[in-house]
Amino acid sequence: KKIFPFSCVDVLLFENNKILLTKRTCNPYKNYWHLPGHMIRKNETMKQAVRRAAKKELNINVKIKKYLGVYENLNSFRHDISHGFLVSQISGKIKTDFQSNELKFFKKIPKNMVPHHKKMIKEFLKS
């Protein structure tokens, strides 16, 4: 069976030194906290994907502040190549879509979190 990697974008939104995370309702990583994000679509730039992910998953419009780098996630069910972006909210009221049933700003990273997202946040906080 041939598997190809998914090229994705992840959105890091901080408010009062707390990171916004959502709790997934679907696999992979069902019931884990994660960064909002999406797969990049054909004929779409990474920045367009970031803005689409923020609008679809969080109901907000964002300004991209910084590209944080590439993070790879290899496991038995999926291979993600994830691009992290630091954003700020321009407009909209934050709420989740069908992919998440909770959202929360965290001061401390929760234990049940998608591993490469945890790494992304930790590396950003150190920089």
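A pocket is an open set of grid points with protein on both sides within 12 Å along at least five of seven lines, and its lining residues have an atom within 4 Å of a point. In this predicted model, the largest pocket is lined by 21 residues and holds about 320 Å³ of space. The structure also contains 5 aromatic pairs, two of which are described below together with the surroundings of Arg52.

**Largest pocket**

- The lining residues nearest the centre of the largest pocket are Cys8, Arg24, Gly37, Arg78 and Gln99.
- At least two lining residues come from each of strand 1, strand 4 (37-39), strand 6 (79-92) and helix 2.
- By residue class, the lining comprises 8 nonpolar, 8 polar and 5 charged residues.

**Phe4, Phe6 and Arg78**

- A pair of aromatic rings is described by the distance of the centres and the angle of the planes.
- Phe4 and Phe6 form a tilted pair, with 5.5 Å from centre to centre and 55° between the planes.
- Phe4 is exposed, because its relative accessible area is 57% and the exposed class begins over 50%.
- Phe6 has a relative accessible area of 22% and is therefore partly exposed.
- The ring of Phe6 also has a charged partner: the charged end of Arg78 sits over this ring, 4.6 Å from its centre.
- Arg78 is, in addition, one of the residues lying nearest the centre of the largest pocket.

**Phe14 and Phe124**

- The ring centres of Phe14 and Phe124 are 5.3 Å apart and their planes meet at 35°, so this pair is tilted; the tilted class covers angles that are neither under 30 degrees nor over 60.
- The pair links distant parts of the chain, since Phe14 belongs to strand 1 (residues 6-15) and Phe124 to helix 2 (residues 115-126), with their positions 110 residues apart.
- Phe14 is partly exposed, with a relative accessibility of 24%.
- Phe124 counts as buried because its relative accessibility is 18%, and the buried class lies under 20%.
- Strand 1 and helix 2, the elements that carry Phe14 and Phe124, each supply at least two residues of the pocket lining.

**Arg52**

- Arg52 lies in helix 1 (residues 46-58).
- With a relative accessible area of 13%, Arg52 is buried.
- Apart from its neighbours within four places in sequence, Arg52 is in contact with His38, Met39, Ile40, Arg41 and Glu44.

Key
Residues numbered from 1 in each chain as written. Predicted model: local features only at pLDDT ≥ 70, side-chain atom pairs only at ≥ 80, totals over all residues. Heavy atoms only, no water. Phe/Tyr/Trp six-rings, centres within 6.5 Å; stacked < 30°, edge-to-face > 60°. Buried < 20%, exposed > 50% of the residue type's maximum accessible area, 1.4 Å probe, protein only. Helix = DSSP H or I, 4+ residues; strand = E, 2+ residues; numbered from the N terminus. Lys NZ or Arg CZ within 6 Å of the ring centre and 35° of its normal. Contact = heavy atoms within 4.5 Å. 1 Å grid on protein atoms, 1.4 Å probe; cavity = no way out; pocket = protein on both sides within 12 Å on 5 of 7 lines; lining within 4 Å. Points joined across faces, edges and corners; volume = space filled by probe spheres on them. Nonpolar A, V, L, I, M, F, W, Y, C, P; charged D, E, K, R; others polar.
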